[in-house]
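Here's a quick tour of a few helices and some odd backbone spots. Have the viewer open while you read.

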Amino acid sequence: APGTMSGSEQPSDAAEVRQQEAEQDWAAAKAFYDNLVSKRPRPPKPQNAITVAVSSRALFDLVEERRIYEEQGVEKYVEYQQENENVTLKPGPAFHFVKALEHVNARLLELYPDDEERFDIVLMTNNHAQVGVRLINSINHYGLTIERFCMTGGKSPIGYLTAYLTNLYLSADSEKVQEAIEAGIASATMFTANKDVAYSDTQLRVAFDGDAVLFSDESEQIVKEQGLDRFFEHEQLNENKPLAQGPLKGFLEDLGKLQKKFYAKNERLNCPIRTFLVTARSAASSGARVLKTLRSWGLEIDEALFLAGAPKGPILVKIRPHIFFDDQMFHIEGAQKLGTIAAHVPYGVAQKYHKSV
């Protein structure tokens, strides 16, 4: 199911009724909007879309606004935002990622004009509605296609994430990200790169760590508790046993589905999505299990880089991903220093050793 890390339970009768009612609502809305003429592509149904929910502080640079909120309170913050609603906000850490998602959508619409299986970006923010005009003005200034807004007025967005069938949630608030992860929603805390670099505007590039990101933290637990030699032994003994899935496995799966749509149109060499596995594992000692796990899931990864404990930052500089997911803050910090936009996934045993900040 979209927005969850796992789940094979049969839906209850009540859930089936709610699903039928939702389908009827969508049919009625579609019938109404089909009579309206517009050149803008309409947002896809959540059941068909890959929904990426992004907070306002992830999409835009709101450092100064956040300082006003913390030092002077919510009323002064809202007042400041209203007074500056015609001042365009600068891009935040998720901005280039969102732009790349929209490029993929444009390519998909060229090849599949009637297909709704594409990204739907939702602005999910705990801002008050009074701040919405500045956010809308900034989104329009950059030509972003973000039609769905959810402004919760200080309340937790988690219930709305579930209602929107969210596949990925990106926020600058580590507590909300932790809450979302615990609710089974693939989520990460965004961190701005410390250097400006050029990002591809023709290909979405997404880099994933392996353990506790694509895979469970089973192997990482052995490293922490029993040491590296026992880990190598364990991985070789279990080489043919697939690893359990981690919180971002579903998003890699979503990317793979879209890649196959391009392959079906003979666009493999011109595919606007490229995926990378960047792992501290060593290939000879523990790489086979990773590759066999991906194979057992029916997933392809475009490039797999086994670093055997070497720093990830220099490799990421070469890749220049729009986003890099990792569960350990020292990898996030190393990536930041060299200009990579990184996203911390607060999942697994590593969080006991280094809490996110």
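## Helices and a few odd backbone spots

Glu-220 counts as buried at 9% relative accessibility, where buried means under 20% relative accessible area, exposed over 50% and partly exposed in between (1.4 Å probe, protein chains only). This is a predicted model, so local features need pLDDT of at least 70, side-chain atom pairs count only at pLDDT 80 or more, and totals for chains, interfaces and linings use all residues. Residues are numbered from 1 along each chain as its sequence is written, and side-chain values use heavy atoms, with hydrogens and water left out.

Glu-220 sits in helix α9; helices (H or I, at least four residues) and strands (E, at least two) are DSSP runs, numbered from the N terminus. Its C-alpha atom is 11 Å from that of Gln-328, and the two residues are 108 apart along the chain.

Now for the partner of α9. Two packed helices are described by the angle between their axes and the distance between the axes. For α9 (residues 218-226) and α10 (residues 228-237), the axes come within 7 Å and cross at roughly 145°. Axes here are lines fitted to C-alpha atoms, for helices over the stretch in contact, with angles running from 0 to 180 degrees between N-to-C directions. The α9/α10 crossing is right-handed, meaning that the near helix is turned clockwise from the far one by less than a right angle. On the α9 side, Glu-218, Ser-219, Ile-222, Val-223 and Gln-226 meet Leu-228, Arg-230, Phe-231, His-234 and Glu-235 of α10, with contact taken as heavy atoms within 4.5 Å. By class, that α9 to α10 contact has four nonpolar, three polar and three charged residues; Ala, Val, Leu, Ile, Met, Phe, Trp, Tyr, Cys and Pro count as nonpolar, Asp, Glu, Lys and Arg as charged, and the others, Gly among them, as polar.

Which residues of α12 are buried? They are Ser-286, Gly-287, Arg-289, Val-290, Thr-293 and Leu-294. These cover an arc of only 160° around the axis, which puts them on the same side of α12; the arc is that of the directions from the helix axis to the C-beta atoms. Ala-284 and Arg-295 are exposed on the face turned away from the buried side of α12. Cover for the buried residues of α12 includes α9, α10, α11, β7 (273-279) and β8 (303-306). After α12 comes Gly-298, with a positive phi near 75°.

Helix α4 (residues 74-83) buries Tyr-77, Val-78 and Gln-81. They span an arc of only 95° around the axis, which puts them on the same side of α4. Glu-75 and Glu-83 are exposed on the other side of α4, while α3 (63-72) and α6 (132-141) are among the elements covering its buried residues.

What about α11 (residues 249-263)? Eleven of the 15 residues of α11 are buried, so it is largely enclosed by the rest of the structure. Among the buried ones are Phe-251, Leu-252, Leu-255 and Phe-262.

Finally, two non-glycine residues have positive phi:

| Residue | Phi | Loop | Relative accessibility |
|---|---|---|---|
| Ala-212 | about 70° | between β6 (204-208) and α9 | 0%, buried |
| Arg-320 | about 55° | between α13 (313-319) and β9 (323-326) | 40%, partly exposed |
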